[in-house]
Amino acid sequence: MSYSSDDSSSGAKDGDHELQDFLMLEKQKAQLNAQIHEFNDICWEKCMDKPGSKLDSRTETCLNNCVDRFIDVSLLITNRFAQLLQKSAM
């Protein structure tokens, strides 16, 4: 089977695009994992008095609230940057 130069060029561009998409997805996964580890570290220090065999309700509530606040702040910042980008694009 023979390919014209346009076919191979198009295939290379498609491959490059797929690679870029894959790399972007992996970068997002790595950022999410890093953020989860940061939540764990900060919320552990804030909420854990002394580790035990199971969480008491106060510690569990503290951890839930701590992570929820980080998520809220992350979403707020992301939305704010998106708004700024939209305004600057106009």
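Are C47 and C62 buried or exposed? In this predicted model, C47 is buried, and C62 is buried as well. These two cysteines form one disulfide, and the structure holds two disulfides. The other pairing joins C43 and C66.

**Overall connectivity**
- Counting the bonded cysteines along the chain, the disulfides follow the pattern 1-4, 2-3.
- A disulfide is a covalent bond between the sulfur atoms of two cysteines.

**The C43 and C66 disulfide**
- The sulfur atoms of C43 and C66 lie 2.0 Å apart, and the two residues form a disulfide.
- C43 belongs to helix α1, which spans residues 5–47, and C66 belongs to helix α2, which spans residues 57–89, so this pair ties together parts that are 23 residues apart in sequence.
- The link of C43 and C66 is left-handed, with a value of -85° about the S-S bond.
- As to accessibility, C43 and C66 are both buried.

**The C47 and C62 disulfide**
- A distance of 2.0 Å separates the sulfur atoms of C47 and C62, which form a disulfide.
- This pair links distant parts of the chain, with C47 in helix α1 and C62 in helix α2, 15 residues apart.
- The torsion about the S-S bond of C47 and C62 is about -75°, so the disulfide is left-handed.

**Cysteine environment by helix**
- In helix α1 lies C43, a buried residue; C47 is also placed in helix α1 and is buried.
- In helix α2 lies C66, a buried residue; C62 is also placed in helix α2 and is buried.

Notes. Residues numbered from 1 in each chain as written. Predicted model: local features only at pLDDT ≥ 70, side-chain atom pairs only at ≥ 80, totals over all residues. Heavy atoms only, no water. Disulfide = S-S within 2.5 Å. Helix = DSSP H or I, 4+ residues; strand = E, 2+ residues; numbered from the N terminus. Buried < 20%, exposed > 50% of the residue type's maximum accessible area, 1.4 Å probe, protein only.
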